[in-house]
Structures are given as C-alpha cells and as structure tokens.
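Trainee: I'd like to learn how to read a few features off a model. Could you take me through them one by one?

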Amino acid sequence: MTVPSTPGGADARQEKRPWPRQVLLPLALAQFVCSFAGSNMNVMIKDISEDLDTTVQGVQTAITVFLLVMAALMIPGGILTDRYGRKRCLIIGLSVYGIGTVLSAVAPGLGILILGNSIFQGVGTALLIPPVYILTTLLFTNVADRARAFGAIMAMGGIGAAAGPLIGGLITSAISWRAAFVFQALVVAVIIVLTRRVDDPLPPDPERVFDTGGAVLSATGLVLVVMGILAADDNVWLMSGLLLVGALLLVAFFRWVRAKERAGAQPLLHTGVFRNRTSNLGLITQHTQWLMLMGVSFVVAAYLQVVRGYSAIDTGVIFSASTLGLLVTSLGASRFARRREQRTLVMVGFAATVCGIGVLLALAHGEPSAWTFVPGLLLIGLGMGMMLTPSVNVVQSSFSEDQQGEISGLSRSVSNLGSSVGTAIAGTILVANPAAGPYSVALVVLAAIGLGGFGAAAMLPRTPVPTRHG
C-alpha cells in the first residue's frame with residue numbers, strides 16, 4: 001500500500017513548484033549529526049580511555065548504550081510526534097540532544113560521559129529522528145521527489161556515520177576529543193534556527209493515547225537483549241539470563257499489544273504493521289545494513305588504533321575512503337531509482353559491502369601500509385550508499401499517511417537496534433580474543449550477516465522501474 005495521491009493534483013502541484021531545499025536542509029542535517037554521533041567516538045577510543053582513566057571496553061559500552069537508547073525509545077518517539085506535533089518534537093529532541101553534547105564535552109569521568117552521550121543524546125535522537133522521516137514522507141508526495149529527499153537525508157546520515165571518524169579524528173588531533181562534542185552542539189544550534197522554515201502539514205492529535213506499558217515492555221526487552229550480547233565475553237550464564245528475560249519481555253510486549261487491540265484500545269504499535277511482507281523484508285535489510293556499517297566501523301577503528309598504533313587523525317583519514325564511496329552512491333540514489341528496481345539496488349549494495357569486507361581481510365594482514373585498507377573501505381562505502389535509500393523508501397512507502405508515525409518509529413528503531421547490535425557483537429568478539437584472531441573473526445561474522453541481508457533483499461517483490469518523463 002502506498003501513500004495515496006491524486007493524479008494531476010498534489011503530485012502535479014509538487015512537480016511544478018521548486019524543490020523545497022530550505023525545508024530539507026535541517027532534516028538532512030539532523031540525520032547527519034545523529035549518525036555522526038554514533039561513529040565519531042570510534043577514533044577517540046584511545047584518547048577518551050586515557051583522559052577519563054577507563055578502558056576500551058568502557059568506551060565501547062558508552063557507544064553501545066547510546067545506540068541502544070535510540071533503538072529502545074524510537075517507537076515511543078514516533079508515537080509522541082503524532083500526539084504533540086512533528087515540528088515540536090523535532091525541536092525538543094534537538095534541545096535535549098544539545099544538552100547531552102555539552103555534558104559530554106565537560107565530562108570528568110566515564111559516568112558523566114554515559115549520562116550526556118548515551119542517555120541525553122540517545123533520548124534526544126529518539127525524539128528528533130521520527131519527525132525527520134514523517135515530515136519527509138508528508139511533504140514530498142511525488143514518488144520521484146520523495147526518492148530525492150530520502151536520498152539526500154540518507155546520504156547525510158551515511159556521510160555522518162562514515163565521515164564521523166575523519167571529522168572526529170581531525171578535531172581530536174587538532175584540539176581535543178571534547179571539541180568534537182562542541183562541534184555537534186554548534187550543528188544542533190544551526191538546525192534549530194533552520195527549523196523555523198519547516199511547517200508541519202498535519203495538526204497534532206492531543207487525543208492520541210500513549211501506551212506507557214507497551215513502551216516499558218518493548219524498551220526493557222530490547223535493552224536486555226543487547227546487554228546479553230555484551231555480557232557474552234564475561235559470563236555465559238549472565239548472557240543467557242539476560243537474553244532469555246529480554247526475549248520473554250518482547251513476547252509479553254506483543255501479547256500486550258494484541259490484548260490492547262482486542263479491547264479496542266490504542267497500543268504503542270499495531271500488529272498490522274508486521275503484516276506487510278514487503279515492509280518486513282525492508283526492515284530486515286535496514287537492520288542488517290546499519291549492523292554491518294557500525295560493526296565494521298568499530299572493528300576497523302579499534303584495529304587501526306590498538307594494533308597498528310595509528311592516531312585519531314590517521315584513522316579518520318583512512319576511513320575517508322568509505323566516506324567517499326558512500327557519498328558517490330548516496331547522491332546518485334534518485335538517478336539509480338529511475339533506472340533500476342529498489343530490490344536490485346539493495347542486492348547490489350549488500351554484494352558490494354560483503355566483497356569489501358573480503359578485500360579488507362585479504363589485504364590487511366599483508367603489507368602493513370595504510371593504503372591496504374582503502375580498496376575494502378571504498379567498496380563498503382559504495383555498497384552502503386547504494387542500498388540505504390531504497391530500503392527506507394520501500395518501508396515508508398508501504399504505508400498510508402495515518403500510519404507514518406508508527407512505521408517511522410519502528411523503522412528507525414530497527415535501524416538503530418542494528419547499529420547497537422553491530423557494535424555489541426564486534427566489541428564482544430574483540431574482547432573475547434578468539435584464537436583465530438579477534439579482528440578477522442569479527443569481520444567474517446559481519447560478512448556472514450551481510451549474506452543474510454542479501455537473501456532478504458532477494459525476496460523483495462519485483463517492482464516496475466519508474467517511467468522517465470520529459
């Protein structure tokens with residue numbers, strides 16, 4: 001089911017008026033800064049651990065908790081946008097995020113860093129990201145324009161994730177890791193000013209009931225599952241217990257939702273959103289993409305700093321190869337969408353990314369030159385940029401306007417859960433230090449997961465390539 005449009009009506013008017021870049025800019029920047037926050041700390045691992053007298057595992061915990069808080073609260077965040085208005089939640093989320101960056105910049109220890117970066121920035125992201133995707137879907141009703149808009153937003157998100165190590169490395173080497181958080185605060189301030197040009201096309205629905213019980217069950221279940229993965233290297237029994245309790249809470253959440261629906265009440269998330277096969281497959285590909293992107297980023301950044309002894313700036317420069325690749329294919333998203341099926345683009349993206357991991361494995365253990373990382377990272381960036389936009393478009397376009405709050409929250413939750421799981425899996429393998437080599441094993445595991453994503457993409461339905469006009 002696609003978002004309804006009237007031939008010759010809204011679509012025709014949208015095609016005639018200038019593309020509203022002034023509206024898209026703050027939305028794209030919001031996605032950029034959140035993705036940047038998820039990856040830039042990878043190149044600061046050594047600096048932060050030394051400055052705050054903690055360990056690599058401590059910094060990994062801060063990164064994972066940030067991604068996890070986003071994932072756990074993204075669905076409730078999507079519902080709140082319907083109740084209080086998309087623009088209002090966007091501004092509130094940016095404000096909370098900005099407070100978190102300031103706390104992180106002045107953190108005297110790991111605890112305050114986790115409070116600022118993991119909690120405040122995580123909560124702020126969960127409030128501001130759903131409005132970005134809902135507003136984009138509602139403001140760009142024409143399919144081609146929406147593809148361009150999502151292409152720009154996903155490009156900025158991908159660039160934020162891929163360029164995070166480079167920008168973070170430059171700032172850390174030139175000034176301090178704390179200055180990287182000041183940079184984020186400045187970007188947030190700019191976004192808040194730019195949001196004055198954004199109009200919410202739908203009024204808020206103050207009668208929308210917020211399902212507190214469902215929010216607690218879903219968030220706690222997700223947190224315990226990821227914490228179970230993190231505990232794998234310390235205690236098998238603790239890991240098993242956390243995974244079991246987390247899984248039971250998620251089952252309880254779905255039973256809670258079904259009970260709410262049978263009683264005619266408003267649940268946190270309708271089970272109907274899971275009955276769309278195309279959307280389900282698209283969500284799997286989204287989850288896998290971000291799992292691979294953040295997992296590979298963490299593994300390679302840790303390897304370069306801990307094993308090769310590279311500085312933050314050296315590590316960031318090496319990662320510029322993936323940034324370049326992601327930028328090239330993301331910016332071409334709308335052109336690719338006019339020529340190829342979205343299913344094909346996602347499959348090609350996974351294939352390129354898995355091949356890129358293979359090239360990393362083949363070259364990294366040979367010549368100890370930094371250039372050996374460039375071909376693999378470039379391929380990974382090209383693959384990621386190719387598939388991020390079509391996966392989002394598949395999911396968002398599968399539902400009508402009145403369901404955009406739910407599906408946007410679910411979509412971003414699934415993606416951010418992938419990011420947190422990717423970092424947790426990678427970090428757990430590195431800490432476990434398997435005999436076959438922790439970095440190689442971590443990359444092989446991520447490549448195997450990528451093959452699963454390729455399989456999910458292959459099951460997406462074939463769709464006709466849009467006819468080119470003019």
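Trainee: Which helix gives the largest share of the positive patch?

Mentor: Patches are built from residues with over 30% relative accessible area and no salt bridge, joining like charges within 9 Å and nonpolar side chains (Val, Leu, Ile, Met, Phe, Trp, Tyr) within 5 Å. Lys and Arg count as positive, Asp and Glu as negative, while His and the chain ends are not counted. A charge is placed at NZ of Lys, CZ of Arg, CG of Asp or CD of Glu. Here the largest share, three residues, comes from helix 13 (residues 333–339). The positive patch itself is formed by R148, R335, R338, R339 and R340. This is a predicted model, where local features need pLDDT of at least 70 and side-chain atom pairs count only at pLDDT 80 or more, while totals for chains, interfaces and linings use all residues. Residues are numbered from 1 along each chain as its sequence is written, and side-chain values use heavy atoms, with hydrogens and water left out.

Trainee: And what counts as a helix?

Mentor: Helices are DSSP runs of H or I with at least four residues, numbered from the N terminus. R338, for instance, lies in helix 13.

Trainee: How do I put R338 on the scale from buried to exposed?

Mentor: Buried is under 20% relative accessible area, exposed is over 50%, and partly exposed is in between (1.4 Å probe, protein chains only). R338 has 34%, so R338 is partly exposed.

Trainee: Which residues make the nonpolar surface patch?

Mentor: V56, V306 and V307 make it, with an area of about 230 Å². Areas like that come from the Shrake-Rupley method with a 1.4 Å probe, and for residues only the protein chains shown count as cover. V56 lies in helix 4 and is partly exposed at 35%.

Trainee: What about salt bridges: how many are there?

Mentor: The test is a side-chain nitrogen of Lys or Arg within 4 Å of a carboxyl oxygen of Asp or Glu. By this rule the count is one. The partners are D51 and R178, at 3.3 Å from N to O. D51 sits in helix 3 (residues 45–51) and R178 in helix 8 (residues 177–194), so the bridge ties together parts that are 127 residues apart in sequence. D51 is partly exposed at 41%, and R178 is partly exposed at 22%.

Trainee: Just past D51, what is Phi of D53?

Mentor: Phi of D53 is near 55°, a positive value in a residue other than glycine. D53 lies in the loop between helix 3 and helix 4 (56–84), and at 73% D53 counts as exposed.

Trainee: How many disulfides should I look for?

Mentor: You need a pair of cysteine sulfur atoms within 2.5 Å. The count here is zero. As for individual cysteines, C34 is buried at 4%, and C89 is buried at 4% too.

Trainee: Where can I see residues that are apart along the chain but paired up in space?

Mentor: Try S218, found in helix 9 (residues 212–230) and buried at 4%. The C-alpha atoms of S218 and L250 are separated by 5.8 Å, with their positions 32 residues apart along the chain. Then look at L379 in helix 15 (residues 374–396), which is partly exposed at 28%. L379 and S322 are 57 residues apart along the chain, and their C-alpha atoms are separated by 7.2 Å.

Key:
Helix = DSSP H or I, 4+ residues; strand = E, 2+ residues; numbered from the N terminus.
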